[in-house]
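Colleague: Hi! Could you walk me through this one while I have it open?
Modeller: Happy to, let me put it up.

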Amino acid sequence: MTRDELTQKLDGLIGTKLEPKKERSKDDGKHGRALEEALGVEENNSKKADLVLDDGSSWELKTTNGKSNQTLLNRKADLLSSALGIKSHRDLFDRYPDTQKSPKPDNPQRKCFNVDLKTTGFNQHGWKLVVNSTKIIAEHRSDGDVLEWDIEKLKETAVGKLEKKIDVIVDKQGVVEGYKIYEGFCADQLVAMIKNGEINLSIKMRFDPQAKKKTDIWKDRGMGWRCPPKKTYKLYLKEGE
């Protein structure tokens, strides 16, 4: 596909409703899947961008309602605290309390670990991010440093994923209202926005022994770096602009 052909396809989606070919239960990513299907992209969880054009350029595709925070990329921590017995995401999940807002009395074994971390201070579950010259650290109020990311490795992953990005804007029903094209990703801006609290880390895991499908008993949504869509443009400015 050429860039002109991509633009034509995006123009053609305006006013149409994004609906995936197959419905899934509790599918909060259906609009994104439908967009990929409309553009002929196979579903993937790759660290690379979604679409490669004929000229070799790589594009990350996202849908947004323009309001909710958008996951830019997922990257696991480079170091977990073995001193605390944490060697995996499941160890992390097992160590810390349930974060459900409304636990279900008829399903007492169900547990969630959903936390959003920022550098602006400890959240209600006792977590915050700390950024120094080489690392980003997830700090727990009682346990201290629990997770670490190497900044250069995070930047490398981000460049591979976000060098060029298209945000397709949809309404509540999934009808396409327009799109925005971003080019020239600046990895230093990513770190700066994490440092000033504009980008947060979202960790989402769930254990539900009463789930209808075996594949839904344990759900690990990973560690997502998330940004308000209205601030995405800052990632495509050189530092200081």
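**A chat about the model**

Modeller: Let's begin with Pro20, which sits in the loop between H1 and H2. Keep in mind as we go that this is a predicted model.

Colleague: Thanks. Is Pro20 buried or exposed?

Modeller: Pro20 is buried, as its relative accessible area is 8%. In space, its C-alpha atom is 8.8 Å from that of Ala38, and the two residues are 18 apart in sequence.

Colleague: And what about H1 itself, which of its residues are buried?

Modeller: In helix H1, residues 3-13, the buried ones are Leu6, Leu10 and Leu13. They lie on the same side of H1, because the arc they cover around the axis is only 55°.

Colleague: Nice. Which residues are exposed on the other side of H1?

Modeller: Asp4 and Gln8 are exposed there. Asp4 also turns up in a surface patch of negative charge, together with Glu5, Asp54 and Asp55.

Colleague: Where does Asp54 lie?

Modeller: Asp54 is in the loop between strand S1 (51-52) and strand S2 (58-64). With a relative accessible area of 58%, Asp54 is exposed.

Colleague: Which residues form the positive patch?

Modeller: That one is made of Lys67, Lys172, Lys180 and Lys230, again on the surface. Lys180 belongs to strand S10, residues 176-183. Its relative accessibility is 44%, so Lys180 counts as partly exposed.

Colleague: Switching to salt bridges, how many does the structure hold?

Modeller: There are 16 salt bridges. One of them pairs the side chains of Lys161 and Glu60, at 3.6 Å from N to O. Lys161 is in helix H4 (residues 151-162) and Glu60 is in strand S2, so this bridge ties together parts that are 101 residues apart in sequence.

Colleague: Are those two buried or exposed?

Modeller: Lys161 is buried, and Glu60 is buried too.

Colleague: Remind me why such side chains can pair at all?

Modeller: Side chains of opposite charge can do so when their charged atoms come close.

Colleague: Fair enough. What does Glu183 form a salt bridge with?

Modeller: Its partner is Lys164, and their closest N and O atoms are 3.0 Å apart. That pair links distant parts of the chain, with Glu183 in strand S10 and Lys164 in strand S9 (residues 164-170), 19 residues apart. Glu183 counts as partly exposed, at 34% relative accessibility.

Colleague: Got another bridge for me?

Modeller: Sure, Asp216 and Lys219 meet through their side chains in a salt bridge of 3.2 Å, N to O.

Colleague: How do Asp216 and Lys219 fare for accessibility?

Modeller: Asp216 is buried, with a relative accessible area of 17%. The cut-off for buried is under 20%, so Lys219, at 30%, counts as partly exposed instead.

Colleague: Which residues are joined into one network by salt bridges that share partners?

Modeller: Arg3, Lys164 and Glu183 are joined that way.

Colleague: Last topic, where is the place of His31?

Modeller: His31 is in helix H2, which covers residues 30-38. His31 is buried, its relative accessible area being 16%.

Colleague: How far is His31 from Lys62?

Modeller: Their C-alpha atoms are separated by 9.0 Å, and the two residues are 31 apart along the chain.

Terms used. Residues are numbered from 1 along each chain as its sequence is written. This is a predicted model: local features need pLDDT of at least 70, side-chain atom pairs count only at pLDDT 80 or more; totals for chains, interfaces and linings use all residues. Side-chain values use heavy atoms; hydrogens and water are left out. Patches are made of residues with over 30% relative accessible area and no salt bridge: like charges are joined within 9 Å, nonpolar side chains (Val, Leu, Ile, Met, Phe, Trp, Tyr) within 5 Å. Accessible areas come from the Shrake-Rupley method with a 1.4 Å probe; for residues, only the protein chains shown count as cover. A salt bridge is a side-chain nitrogen of Lys or Arg within 4 Å of a carboxyl oxygen of Asp or Glu. Lys and Arg count as positive and Asp and Glu as negative; His and the chain ends are not counted. The place of a charge is taken as NZ of Lys, CZ of Arg, CG of Asp or CD of Glu. Helices (H or I, at least four residues) and strands (E, at least two) are DSSP runs, numbered from the N terminus. Buried means under 20% relative accessible area, exposed over 50%, partly exposed in between (1.4 Å probe, protein chains only). The arc is that of the directions from the helix axis to the C-beta atoms.
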